[in-house]
Structures are given as C-alpha cells and as structure tokens.
Amino acid sequence: MTYLAKPKLHHPTLPKNKVGFTRRDYEGKVSTLCAGCGHDSISASIIEACFELSIEPHRVAKLSGIGCSSKTPTYFVSGAHGFNSAHGRMPSIASGANAANKDLQYIGISGDGDSLERSSRLHRGG
C-alpha cells in the first residue's frame, strides 16, 4: 500500500483527446488493491476507454457495491461522480440513477461477493 500522491503536473506534450483531456486526467488515486486481483486491469481499461471516447469526466457516474469493488472507483476518472451502494444493490441503484438522469455515463463496479449476494437473493426470491 502506498501513501504517496500522484504528482499533479502533466508533461506539456501529452496527447489530448477531442475534449482537451489527457489520459492522466482520467486516472484516479494510486491503487492499494492486491496485485493481480484484476481490479487494476479493469480500471486501466476504463481509463483508456474514457480517454479514447472523449468522455468528459464530470459526465461519468461511478457506482459500486461494497468490498474491494467499493474501492475500485477511486482509481479511475477522479473528476466523476461516485456512489457506494449497499451490498448487492449496485445494479438497482445504477438503473434508478440512469432512469433519473440520462445525461451521464454510468459505470457499475461489482465484485464476486457483491454480485453473488444479489444473484443468490434473486434465486431465493428475495
């Protein structure tokens, strides 16, 4: 785990996308997750996709459940909105938020325990 902050300086020649952001603008904090768990690879892919699609960070809403997945949104698109929902409820919260505000791009992050909890509750009829 690191307590060092990423430097806020950007090299002046970093490439920018159509809305004027660099790839670094889509990064978040330094990850404290276990190496090899997969969340960091997902975060890197989200950063790259948002940069390539020229999505403005303030037009993104990141939602998560609890557990390791609740930490993941900290590691990408630091200028976005964020919400941690109750265990197993991220899909419902994301669906409701999207119905209420179609102007944002919603990204839901869910770990195996969070997803399994919700699916087992659905299977039991809960």
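These notebook entries record what I looked up about the sheet and the nonpolar cores of this structure.

**Entry 1: the model.** I noted at the outset that the model is predicted.

**Entry 2: the sheet.** I looked up the strand order and found an open sheet of 3 strands, arranged β2-β1-β3, with parallel pairing. I recorded β2 (81-84) and β3 as the edge strands, each of which pairs on one side only. Between neighbouring strands of this sheet I noted an average turn of 15°, with direction ignored.

**Entry 3: one strand pair.** I then turned to β1, which covers residues 60-64 and pairs with β2 in the parallel sense over 4 bridges. Within these strands I found Leu63 opposite Phe83 of β2.

**Entry 4: the largest core.** Which residues make up the largest nonpolar core? I listed 12 residues: Tyr26, Ile46, Ile47, Cys50, Phe51, Ile55, Val60, Phe76, Val77, Ala80, Ile107 and Ile109. I checked which elements give two or more residues to this core, and they are α1 (39-52) and β3 (105-109). The most comes from α1, with 4 residues. I also noted that another core, of 5 residues, lies apart from this one, and that Ala61, Met90, Ala94 and Leu104 are among its members. As general background, I recalled that nonpolar side chains tend to be buried together in soluble globular proteins.

**Entry 5: Val60.** I looked up the contacts of Val60, a member of the largest core. Leaving out residues up to four places away in sequence, I found that Val60 touches Ile55, Val77, Ala80, His81, Leu104, Gln105 and Ile107.

Note on methods:
Residues are numbered from 1 along each chain as its sequence is written. This is a predicted model: local features need pLDDT of at least 70, side-chain atom pairs count only at pLDDT 80 or more; totals for chains, interfaces and linings use all residues. Side-chain values use heavy atoms; hydrogens and water are left out. A nonpolar core is a set of buried Ala, Val, Leu, Ile, Met, Phe, Trp, Tyr and Cys residues joined through side-chain atoms within 4.5 Å. Buried means under 20% relative accessible area, exposed over 50%, partly exposed in between (1.4 Å probe, protein chains only). Contact means heavy atoms within 4.5 Å. Two strands pair if DSSP finds at least two bridges between them. Axes are lines fitted to C-alpha atoms, for helices over the stretch in contact, and angles run from 0 to 180 degrees between N-to-C directions.
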